[in-house]
Amino acid sequence: MRLETSDRDLSPLAAALLAYWQSSRRDGGVPDRGAFDPLHLTRWLGYLSVYEYEPDRDDFRNRLEGTYVGNLTGENWTGRRASEVDARFGSSFLADLRQVRDRREPTAHLIKVFQKDFSVTERVLLPVSTRPGGDADQVFVAIFSNGVRPAQKA
């Protein structure tokens, strides 16, 4: 399950992260990693995973998994690729990361936690560059539990 959401539908924590990303942009471009001071990211660190683009594979590797993300899913995907997530769960995660990278714009969705059919979370994807003025070669993936439960099947 993946539902697009608008900025005004975001939880306060997700909306604040998106606003921080927006304020870190220079001339409408993608923020570079240097704009993200870990001291300013403290309130979101456990919710963030960092996926880095690997051009030779056209895939993204998880470079950092937030502790909250690991606790929510019961798994740690550090070092694994987005294509592995898709292969295991039949998801479109790699396509979502590619889209954010190519468009250079963030997206937000409600998604089902792959490991737990009963849990839905907010997912915010934020493109970032590791070099000032460079291409979006990383995507920050933030996951926030919002307490929503999918509708029961009749």
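This passage describes the overall fold, one strand residue and the aromatic groups of a predicted model.

The protein chain contains four helices and six strands. Along the sequence, these elements follow the pattern β-α-β-β-α-α-α-β-β-β. The chain has 154 residues, and buried residues make up 47% of them. Its exposed surface is about 8100 Å². Carbon and sulfur atoms supply 50% of that area. Contacts across the sequence were also examined. Among those between residues at least 6 apart, 53% join residues at least 24 apart.

Ala142 offers a local view of the chain. This residue is found in strand β6, which spans residues 138–145. Its relative accessibility is 0%. Ala142 therefore counts as buried, since the cut-off for that class is under 20% relative accessible area. Neighbours within four places in sequence were set aside when its contacts were listed. The remaining partners are Leu17, Tyr47, Leu48, Glu122, Arg123 and Val124. Trp44 was compared with Ala142 by C-alpha distance. The two residues are 98 residues apart in sequence, and their C-alpha atoms are 7.9 Å apart in space.

The aromatic residues were considered next. The structure holds eight aromatic pairs. In one of them, Tyr47 is paired with Tyr68. The ring centres lie 4.6 Å apart, with 50° between the planes, and the pair is tilted. This pair links distant parts of the chain. Tyr47 sits in the loop between α1 (12–23) and β2 (48–54). Tyr68 belongs to helix α2, residues 67–73. The two tyrosines are 21 residues apart. Tyr47 has a relative accessible area of 23% and is therefore partly exposed. Tyr68 has a relative accessible area of 23% and is likewise partly exposed. Tyr47 is also among the contacts of Ala142, the buried residue of strand β6 described above.

Ring pairs also build a cluster. Its members are Tyr20, Phe36, Trp44 and Phe140. Trp44 is the residue whose C-alpha lies 7.9 Å from that of Ala142.

Two arginines lie over aromatic faces. Arg80 lies over the face of Trp77, at 4.1 Å from the ring centre. Arg101 lies over the face of Tyr53, at 3.8 Å from the ring centre.

Terms used
Residues numbered from 1 in each chain as written. Predicted model: local features only at pLDDT ≥ 70, side-chain atom pairs only at ≥ 80, totals over all residues. Heavy atoms only, no water. Buried < 20%, exposed > 50% of the residue type's maximum accessible area, 1.4 Å probe, protein only. Contact = heavy atoms within 4.5 Å. Phe/Tyr/Trp six-rings, centres within 6.5 Å; stacked < 30°, edge-to-face > 60°. Lys NZ or Arg CZ within 6 Å of the ring centre and 35° of its normal. Areas by Shrake-Rupley, 256 points an atom, 1.4 Å probe, with all protein chains shown as cover.
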